[in-house]
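Open the model in your viewer and keep the selection panel at hand. We will go stop by stop.

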Amino acid sequence: MSETTHDGGVAVSPRPSPDEGLTAPQLAAKYGLTVSGARPGLVDYVRQLWGRRHFILAFSQAKLTAQYSQAKLGQLWQVATPLLNAAVYFFIFGVILKASRGMSRDVYIPFLVTGVFVFTFTQSSIMAGVRAISGNLGLVRALHFPRASLPISFALQQLQQLLFSMTVLFVIVIGFGSYPSLSWLLILPILLLQFLFNTGLALIVARMGAKTPDLAQLMPFILRTWMYTSGVMFSISKMMEGRSEVFIRFLQVNPAAIYMDLMRFALIDGYGSSNLPPHVWAIATFWAVVLFAGGFVYFWQAEERYGRG
Amino acid sequence: MAEPDTEQNPVDQTPEALIPTVVADELHIVYRVHGAKTGKGSATAALSRIVKRGEERGVRKVHAVRGVSFVAYRGEAVGLIGSNGSGKSTLLRAIAGLLPAESGRVYTNGQPSLLGVNAALMNDLTGERNVILGGLAMGMSREQVRERYQEIVDFSGINEKGDFITLPMRTYSSGMAARLRFSIAAAKDHDVLMIDEALATGDRKFQVRSEQRIRELRKSAGTVFLVSHNNKSIRDTCDRVLWLERGELRMDGPTEEVLKEYEKFTGK
């Protein structure tokens, strides 16, 4: 800055105007201008989001495809990854630790694989949710769209990922002697409820992660603790035999456990309703509705603040 | 008024008919940068910052825009100039409502949009899917994207040398990718349009074509903001210039007047 001779004064635009003397808010009001980047009302927000449904879907599919596009086996990994996951858990918990606890092999293996896939659905939705805003700041700072599109889109991506896993699951379940029956239709409402639950959680952690990106470092530990207490590899009622009723029920109403048990009940012949806590559908619906509605409102409340680094 | 080559610009309005489209009122923008606090960067230092009670630990504030106020009117093309890091792009984003203001406000007519979709595109996807994704990301409907698809591909000229649109974008040369990005971004019409140095992309032939497209966009847009380091493109396009320096509005006036001072300042 060698040149300091410039007077530095701000030359006001020389145009004469009848609006001379109006303050900025008055001027804005007179011409019907609105505050840029202001948060829309909740109803408006839902409407805007609905208008972006094609973007949300396209974005989730794009992310899903992009994931394996550099791999030689390509989209085959969509199926191979869950299969390998199931194999690892089977090796450790089925062969080495023998966590089956009285379940026959024909029940335990489908039980374990269902648990792994269903829990992974929730787990990866949350992990993607944490980074939904903080990992896409470029997008948030460049384009206009309701920000909830991002966490919803990531949850949707995980749902599509799960559908690939489900085909693997069907093969395994049938391979161990549980054939398709009417109860398989229950898969649809279960998936819907779990998707709502996951989306709600993704919205919540997306807002928290936008403010505190450190959450992405912390989250794997929380999720692992959650996984080991949810009965992914063991049956809660059998493993906790002898503990108080209250304690077992407390573990069983955990939403992750609820969705896993419902899915096992729907798919596996030898896994009867005696394994489910009472009012299981009511609890499943409760978690889905409360988390989704609560998460949505919680996320919307900070809408105008996303994008600040 | 100073522009002979753009009859389409509705400058024939009398001063009484000046309609403001963008009003910035004492706008301040502050970036918060994590993990860039001056001092030791070790883990123990980070820990001690957490333990010690301070107002905001480990966060450095960068005051990028400091109290900028102006009014832009319908039909105006406003240039933004200033040295690197003077806050031009930040100001544009704040006008678009993409960066939350620390204090002060921006009032706008409708939804201002930045010209650019780079952030929404994915290198691992084919050009074809990126056209669709980019269009949807800018808020076009599925039908609009379908209608404009061929137009976008033709404009980009990606397929002039073979069927490249079905290849992943990571296989494109940087020039080809830039052309496709511009073509997607320029496919939509905007109320208040903001262009951030997007003029010079691709080869000479494409530059001419893109400048032509920007003139068309200007015609349909109510107000245009242009950030550029190229004084010639500012002179060609803008009738008013805002000069930012260190986040402050240093000068605001007709293009020639401001550019003369700016060129004196930069020692050109």
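Select A:Thr34 first. Opposite this residue stands B:Thr108, in strand β4 of chain B. The model is a predicted one.

Now widen the selection to the two strands. Take β1 of chain A, residues 34-35, and β4 of chain B, residues 103-108. Two bridges join them, and the strands run antiparallel.

Stay on β4(B) and add β1 of chain B, residues 20-34. How many bridges join β1(B) to β4(B)? Five, again with antiparallel strands. For one pair to label, pick B:Asp25: its bridge partner in β4(B) is B:Arg105.

Next, select the whole contact between the chains. Chain B supplies 53 residues and chain A supplies 43 residues. On the side of chain B that touches chain A, colour the elements that give two or more residues. The strands are β1, β2 (59-73), β4, β5 (113-115) and β9 (248-254) of chain B. The helices are α2 (88-95), α3 (127-137) and α8 (255-266) of chain B. Which element gives the most to this side? That is β1(B), with six residues.

Last stop: colour the side of chain B that touches chain A by residue class. You should find 31 nonpolar, 10 polar and 12 charged residues there.

Conventions
Residues numbered from 1 in each chain as written. Chains lettered and ligands numbered in written order. Predicted model: local features only at pLDDT ≥ 70, side-chain atom pairs only at ≥ 80, totals over all residues. Pairing = 2+ DSSP bridges. Helix = DSSP H or I, 4+ residues; strand = E, 2+ residues; numbered from the N terminus. Contact = placed C-beta atoms within 7 Å. Nonpolar A, V, L, I, M, F, W, Y, C, P; charged D, E, K, R; others polar.
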